[in-house]
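This report covers the sheet, the helix packed on it, and some residues outside that region. The structure is shown below.

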Amino acid sequence: MNKSDLMSTLKDQVDLSRQEAEKVVNVFFQSIEDSLCNGGRVEIRGFGSFTVNRYKSYTGRNPKTGEQIRVPSKKLPFFKVGKELKEMVDFE
């Protein structure tokens with residue numbers, strides 16, 4: 001499922017126009033992005049949580065040349081699946 005499929009499902013199940021469904025989906029994702037960019041955490045009970053993990057700089061190696069390179073520190077978004085979703089997906 002992609003963003004467009006999500007908007008179509010929302011439009012059909014909640015009886016919204018295409019524009020309204022698009023706005024709802026965009027606001028939802030923009031809110032998550034804003035929270036993470038501001039150092040926050042987003043938790044959706046039963047689904048999972050979004051956080052930002054910080055990684056220290058380190059010395060890496062270019063696999064092509066073998067040359068050592070300095071990899072700068074960085075922050076990356078991370079998603080941890082919730083218990084309920086994990087159990088639903090694993091159910092056979």
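Apart from residues within four places in sequence, Thr51 is in contact with Leu36, Arg41, Leu76, Pro77 and Phe78. In this predicted model, Thr51 belongs to strand β2. Thr51 is classed as buried because its relative accessible area is 18%, and the cut-off for that class is under 20%.

One of these contacts, Leu36, is part of helix α2. Leu36 also counts as buried, at 15% relative accessibility. Beyond the residues up to four places away in sequence, Leu36 touches Phe50, Thr51, Val52 and Pro77. The C-alpha atoms of Leu36 and Phe50 are separated by 7.6 Å, with the two residues 14 apart along the chain. As a whole, helix α2 covers residues 18-37 and lies across β1, β2 and β5, and its direction makes an angle of about 35° with β2.

**The sheet**

In what order do the three strands of the open sheet lie? The order is β1-β2-β5, and the pairing is antiparallel. Strands β1 (42-44) and β5 (74-81) are at the edges with a single partner strand each, so each has one side without a neighbour in the sheet. From one strand to the next, the twist averages 25°. Strands of a sheet pair through backbone hydrogen bonds, in either a parallel or an antiparallel sense.

Strand β2 (residues 48-55) is joined to β5 by eight bridges, with the two strands running antiparallel. Within this pairing, Asn53 has Leu76 of β5 as its bridge partner, and Ser49 has Lys80 of β5. On the other side, β1 and β2 pair over three bridges, again in the antiparallel sense. There, Val42 has Phe50 of β2 as its bridge partner. The hairpin formed by β1 and β2 has three residues between the strands, and Gly46 in the turn has a positive phi of about 85°.

Ser49 is another residue of strand β2. At 8% relative accessibility, Ser49 counts as buried. Neighbours within four places in sequence aside, Ser49 is in contact with Arg41, Val42, Glu43, Phe78, Phe79 and Lys80. This list includes Lys80, the bridge partner of Ser49 in β5.

**Outside the sheet**

Asp15 has a positive phi of about 60° although it is not a glycine. Asp15 is placed in the loop between α1 and α2. With a relative accessible area of 70%, Asp15 is exposed, the cut-off for that class being over 50%.

Leu6 lies in helix α1, which covers residues 3-14. Leu6 is partly exposed. Together with Met1, Phe28 and Phe29, Leu6 makes a nonpolar surface patch of about 410 Å².

**Accessibility of the residues discussed**

The table collects the relative accessible areas given for individual residues.

| Residue | Relative accessible area | Class |
|---|---|---|
| Ser49 | 8% | buried |
| Leu36 | 15% | buried |
| Thr51 | 18% | buried |
| Leu6 | 31% | partly exposed |
| Asp15 | 70% | exposed |

Key: Residues are numbered from 1 along each chain as its sequence is written. This is a predicted model: local features need pLDDT of at least 70, side-chain atom pairs count only at pLDDT 80 or more; totals for chains, interfaces and linings use all residues. Side-chain values use heavy atoms; hydrogens and water are left out. Two strands pair if DSSP finds at least two bridges between them. Helices (H or I, at least four residues) and strands (E, at least two) are DSSP runs, numbered from the N terminus. Axes are lines fitted to C-alpha atoms, for helices over the stretch in contact, and angles run from 0 to 180 degrees between N-to-C directions. Contact means heavy atoms within 4.5 Å. Buried means under 20% relative accessible area, exposed over 50%, partly exposed in between (1.4 Å probe, protein chains only). Patches are made of residues with over 30% relative accessible area and no salt bridge: like charges are joined within 9 Å, nonpolar side chains (Val, Leu, Ile, Met, Phe, Trp, Tyr) within 5 Å. Accessible areas come from the Shrake-Rupley method with a 1.4 Å probe; for residues, only the protein chains shown count as cover. A salt bridge is a side-chain nitrogen of Lys or Arg within 4 Å of a carboxyl oxygen of Asp or Glu.
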